[in-house]
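Thanks for coming, everyone. I'll take you through one chain today. Have the viewer open.

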Amino acid sequence: MKQVFKGPAEARTEREFPMAKLGDNLKINGDRLWDSLMDMAKIGPGIAGGNNRQTLTDADAEGRAVFQKWCEDAGCTMGVDKMGNMFATRPGTDPEALPVYMGSHLDTQPTGGKYDGVLGVLGGLEALRTMQDLGVKTKHPIVLTNWTNEEGTRFAPAMLASGVFAGKHEMDWAYDRVDAEGKTFGDELKRIGWVGDEEVGARKMHAMFELHIEQGPILEAEGKDIGVVTHGQGLRWIECTVTGKESHTGSTPMPMRKNAGRGLALITELVHEIAMKHQPNSVGAIGHIDVYPNSRNIIPGRVVFTVDFRSHLQDVIDAMMAEFEEKAPKLCEEIGVSLEWKISGQFDPPAFDENCVNAVRDAAERLGYSHMDIVSGAGHDACWINDVAPTAMIMCPCVDGLSHNEAEDISKEWAAAGADVLLHAVLDTAEVVE
């Protein structure tokens, strides 16, 4: 049996290679993977059982150091680029063959769970450990990546370092991103000691696979072990500023108020209505909100918030944006407040590489795991990398679809199944040498 595999964007010529004949009994060590997840969760603990390991904090630096040691213990060498992206390399037998990559991110939300991103990194580590244990050799090198600042919580936008890697952002621009305390990404990366010497994006890839929890309820509801991700959602983050007039809540007559908070309320309902018009698989919400002056007895004079629109179809994203642009300013004008807005984050919806997707699906079937095709409801580093190399994602269920929450939970069995599929998809693509 042969598989046609298209290489990276720089070399899209077709070539054939034999599918690796991997036994159905080749699986990772689920207990060891789980122990690694629990050990990493001890670094940057949250207040309610999850994690607060935001990017470029001391906790992030500690997690990186532990991850590096684990990778080196598994026989890998570590490289780091100027955005702090970490690359643990297991050599292949052909020094000219481009590497097969896998990975995700170790940074978390301020009230994040123990698995979002981390499963993809440590599941990849467990795949490397399994290869090392069994003495598996591959033609292509295999590289495990920890991408910097995927969450985008401390330094917007999300997927910042993979975006620089893929040529979506300039590195100097990324270095100038500022957190809530006025600290820059570049200064904080230097402070924690993780500025590497590699040029960002200089590495070339044969393919990349990212394992991740679903962050949604579909797989659990359908009773499926594995989500075969065919598409990612594109998104638009719209940073809005509604400006009214601060005044006393008790002495300002209702008809004379210029309440910026009311503008927020009207736009919140508009965003919901727009998303509901474009079902299925389209969403919209307002998450981050800052109200000024944020006092009990002062009508808000200014509100800054971010609208988040997402869909896996470009024309739907465009339609949602067009309706927002038409209606939101009018809603504000009608109540005597003004609206300014700008795009603070965006990417177009990716369709993942057909051959990589097939490698994931074939691995799930070979291993006997139930599976279904799924669209990723969140942005991931794989969405950027898909522009420069063949890419696919693997998802496992999470309890009640809960994520970005300290109560985020998965089972040991779900984690192991995802890592098993990752192992087989990567080995298929990297070509096992017998």
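Start with H404. H404 sits in the loop between β17 (391-396) and α12 (412-430). This is a predicted model, so treat every angle I quote as a computed one. What is the phi of H404? It is positive, about 55°, although H404 is not a glycine. Most residues other than glycine have a negative phi. Is H404 buried, exposed or partly exposed? Its relative accessibility is 40%, so H404 counts as partly exposed.

Now go to the other end of α12. E431 lies in the loop between α12 and β18 (432-433). E431 also has a positive phi, near 65°, and E431 is not a glycine either. The relative accessible area of E431 is 10%, so E431 is buried. The cut-off for that word is under 20%.

Two glycines with positive phi also come up, each just after a helix. G135 follows α3, with phi about 65°. G336 follows α9, with phi about 80°.

Next, the cis peptide bonds. Most peptide bonds are trans. The bond joining A156 and P157 is cis, with omega about 5°. Where does P157 sit? In the loop between β7 (142-146) and α4 (160-165). The bond from Q279 to P280 is cis too, with omega near 0°. P280 belongs to the loop between α8 and β12.

That brings us to α8. The helix covers residues 260-277, which is 18 residues. How far apart should its ends be? At 1.5 Å a residue, α8 should span 26 Å. The end C-alpha atoms are 26 Å apart, so the model agrees with the expected span. The N-terminal end is capped by N259. A side-chain oxygen of N259 lies 2.8 Å from the backbone nitrogen of G261.

Which residues of α8 are buried? They are A260, G263, L264, I267, L270, V271, I274 and A275. Seen down the axis of α8, these buried residues fall within an arc of 130°, so they line one face of the helix. What covers them includes the strands β10 (234-243), β12 (282-292), β14 (302-311) and β15 (338-347), together with the helix α9 (314-334).

Now α9 itself. It has 21 residues, and at 1.5 Å a residue they should span 30 Å. The end C-alpha atoms are 31 Å apart, which agrees. Its buried residues are V316, I317, M320, M321, E323, F324, A328 and C332. Note the glutamate, E323, in that list. These buried residues pack against β10, β12, β14, β15 and α8.

One record entry belongs here. UniProt, in an unreviewed entry, lists residues 233-332 as "domain: Peptidase M20 dimerisation". Over residues 233-332 the chain is 37% helix and 35% strand. The end C-alpha atoms of that stretch are 29 Å apart.

On to α3, residues 118-134. Its 17 residues should span 24 Å at 1.5 Å a residue, and its end C-alpha atoms are 24 Å apart, so again the two agree. α3 is mostly covered, with 14 of its 17 residues buried.

Then S104. S104 is in strand β5 (residues 100-104). Its relative accessibility is 0%, so S104 counts as buried. What does its side chain reach? The side chain of E210, through a polar contact of 2.7 Å. Beyond neighbours within four places in sequence, S104 also touches residues including G117, G120, V121, T145, N146, W147 and D381. L211 and H212 are among its contacts as well.

One pair from far apart in the sequence. A48 lies in the loop between α1 (30-41) and α2 (58-73). A48 has a relative accessible area of 54%, so A48 is exposed. Its C-alpha atom is 7.5 Å from that of A407, although 359 residues separate the two along the chain.

Last, confidence. The protein averages a pLDDT of 93, and 95% of the residues score at least 70. Over residues 1-20, though, the pLDDT is below 50. In the model, that stretch has 58 contacts beyond near neighbours in sequence.

That's my tour. Questions, please.

Terms used:
Residues are numbered from 1 along each chain as its sequence is written. Side-chain values use heavy atoms; hydrogens and water are left out. Helices (H or I, at least four residues) and strands (E, at least two) are DSSP runs, numbered from the N terminus. The expected span of a helix is 1.5 Å times one less than its number of residues. Buried means under 20% relative accessible area, exposed over 50%, partly exposed in between (1.4 Å probe, protein chains only). The arc is that of the directions from the helix axis to the C-beta atoms. Contact means heavy atoms within 4.5 Å. A polar contact is a pair of N or O atoms within 3.5 Å; within protein, one must be able to donate a hydrogen and the other to accept it, and residues adjacent in sequence count only if both atoms are side-chain atoms. UniProt positions are given in the numbering used here, feature names are shortened, and annotations may be inferred rather than shown by experiment. pLDDT is the predictor's confidence in each residue, from 0 to 100.
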